[in-house]
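Visitor: Please choose one part of this structure and give me a close look at it. I should like to understand how that part is arranged and how it sits within the whole.

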Amino acid sequence: MKDMTTVDLFAIGNALIDQEFKVSDDFLIQQNLQKGTMQLTDGETQANLYNNLKETQVYKGQASGGSAANTTVAFSALGSKAFYACRVGNDELGRIYLKGLNEAGILTAEQSVSEGVTGTCMVLVSPDSERTMQTYLGITAELSEAQIDFQPLKTAKWLYIEGYLSTSDTARQAVKQAREIAKAHGVKIALTLSDPAMVQYARQGLDELLDDGVDLLLCNYHEALMYTETDSIEAAMAKLQLKSKYTVITLSAEGALISDSEQTLKVPGRKVTAVDANGAGDAFAGAFLYALNAGFSLKLAAELSILISSEVVSQFGPRLSVENYAKLLNNFQKECA
């Protein structure tokens with residue numbers, strides 16, 4: 001990648017190919033999977049689950065995923081420039097993964113490819129649209145600064161970090177370096193807590209990613225309550241505000257609670273028929289970052305993010321078509337005019 005290129009967003013995250021299935025609640029219980037969370041596993045265990053899923057549940061297709069990548073696609077498709085730092089294997093899935101990002105207009109680096117197996121995620125969608133995930137990270141578990149071209153970060157507006165990186169020692173080290181570069185060049189920092197399982201099992205890693213605070217912190221209400229060890233959203237928000245300039249707690253169908261140093265807003269959700277919650281929080285984050293970067297008010301930023309994420313929820317798969325993001329933004333701006 002040429003040093004000349006300037007991006008608005010520099011994101012670091014896992015690179016995963018999703019395999020999506022519609023499953024029964026009984027199946028989740030049989031497989032000992034905790035509903036609504038992500039569980040890490042090894043290749044053999046995941047292969048067994050995949051075979052079981054193929055035989056007994058409904059296959060919905062393959063999609064490029066990874067939380068921060070979904071966020072970056074939304075950000076880029078809405079009209080801003082983005083770079084994605086990740087690690088894929090030198091295999092067919094790795095090529096599919098990077099090609100998908102590039103076709104969505106996102107810049108990547110050749111050094112993202114290394115010998116090994118590209119990570120895969122079984123996304124199990126239950127009848128209530130909740131997503132449960134079992135992930136074999138493959139080579140992305142060893143994402144390190146060696147795979148990251150930090151040059152575009154120096155002129156970016158935002159650095160975006162996914163909380164799933166909290167489980168990897170090498171990834172946390174890479175994030176530490178990214179944070180230092182961001183601070184040295186006046187780049188704002190955003191972090192998502194990603195998943196209740198990260199708060200539960202990788203708390204120390206999340207604390208390390210959060211370090212001395214961020215400009216934007218995103219989480220859902222489960223993660224907010226667990227991370228702050230409080231029993232109300234208001235109390236959780238008060239604690240999270242100490243760590244971040246802007247704080248967003250998504251409330252599923254109820255909308256979102258958004259705060260900055262001056263105000264806290266409750267923005268209502270949109271009524272849609274929920275089909276698949278996979279990628280909804282990622283889409284919200286991408287739209288919110290885009291809106292903040294474009295100078296939207298907090299309220300409008302939240303409303304756009306709710307619109308985009310609710311559209312993701314009403315279909316299968318973690319992303320909309322690239323054209324669809326722009327169409328939704330265009331309609332939104334017309335309504336606001």
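Guide: Helices (H or I, at least four residues) and strands (E, at least two) are DSSP runs, numbered from the N terminus. Residues are numbered from 1 along each chain as its sequence is written, and the model is a predicted one, in which local features need pLDDT of at least 70 and side-chain atom pairs count only at pLDDT 80 or more, while totals for chains, interfaces and linings use all residues. Side-chain values use heavy atoms, with hydrogens and water left out.

The part chosen here is helix H7, together with H6 and H8. Helix H7 covers residues 203-210, and its buried residues (under 20% relative accessible area, with exposed meaning over 50% and partly exposed lying in between, for a 1.4 Å probe and protein chains only) are Gly 205, Leu 206, Leu 209 and Leu 210. Seen down the axis of H7, these residues fall within an arc of 140 degrees (the arc of the directions from the helix axis to the C-beta atoms), so they line one face of the helix. An α-helix has 3.6 residues a turn, so residues three or four places apart point the same way. The elements that cover the buried residues of H7 include strand S10 (158-162), helix H5 (169-184), strand S11 (188-192), H6, strand S12 (214-220) and helix H8 (221-228). Just after H7, the chain reaches Asp 211, whose phi is positive, at about 50 degrees.

Let us now turn to H6, one of the elements that cover H7. In the loop between S11 and H6 lies Ser 194. Ser 194 is not a glycine, yet its phi is positive, at about 75 degrees. With a relative accessible area of 10%, Ser 194 is buried. Helix H6 consists of residues 196-201, and Pro 196 lies in it. Pro 196 is also buried, with a relative accessible area of 10%. Neighbours within four places in sequence aside, Pro 196 is in contact (heavy atoms within 4.5 Å) with Gly 36, Thr 37, His 222, Glu 223 and Met 226.

Glu 223, one of these contacts of Pro 196, leads on to H8. In H8, Glu 223, Ala 224, Tyr 227 and Thr 228 are buried. Viewed down the axis of H8, its buried residues fall within an arc of 110 degrees, so they line one face of that helix. Their cover includes H6, H7, S12, helix H9 (233-240) and strand S13 (244-250). Thus H7 is among the elements that cover the buried residues of H8, and H8 is among those that cover the buried residues of H7. At the N-terminal end of H8, Asn 220 acts as a cap: one of its side-chain oxygens lies 3.1 Å from the backbone nitrogen of His 222. Just after H8, Glu 229 has a positive phi of about 55 degrees.

Another helix, H3 (residues 67-77), offers a comparison. Eleven of the eleven residues of H3 are buried, so H3 is largely enclosed by the rest of the structure. Among them are Asn 70, Thr 72 and Phe 75. The C-alpha atoms of Thr 72 and Pro 196, 124 residues apart along the chain, are separated by 21 Å. Just after H3, Gly 79 has a positive phi of about 125 degrees.

Next comes the interior. The largest nonpolar core (a set of buried Ala, Val, Leu, Ile, Met, Phe, Trp, Tyr and Cys residues joined through side-chain atoms within 4.5 Å) has 53 residues, and Leu 216, Tyr 160 and Phe 288 are among those that touch the most other members. Helix H10 (residues 280-293) gives the largest share of this core, nine residues. Apart from it lies another core, of 50 residues, including Val 7, Leu 16, Phe 150 and Met 237. Phe 288 is in contact with Leu 216, among other residues beyond four places in sequence.

Finally, the whole chain. It has twelve helices and 15 strands, and 57% of its 337 residues count as buried. Along its principal axes, the C-alpha trace spans about 55 × 45 × 40 Å. Among contacts between residues at least 6 apart in sequence, 77% join residues at least 24 apart.

Key:
A polar contact is a pair of N or O atoms within 3.5 Å; within protein, one must be able to donate a hydrogen and the other to accept it, and residues adjacent in sequence count only if both atoms are side-chain atoms.
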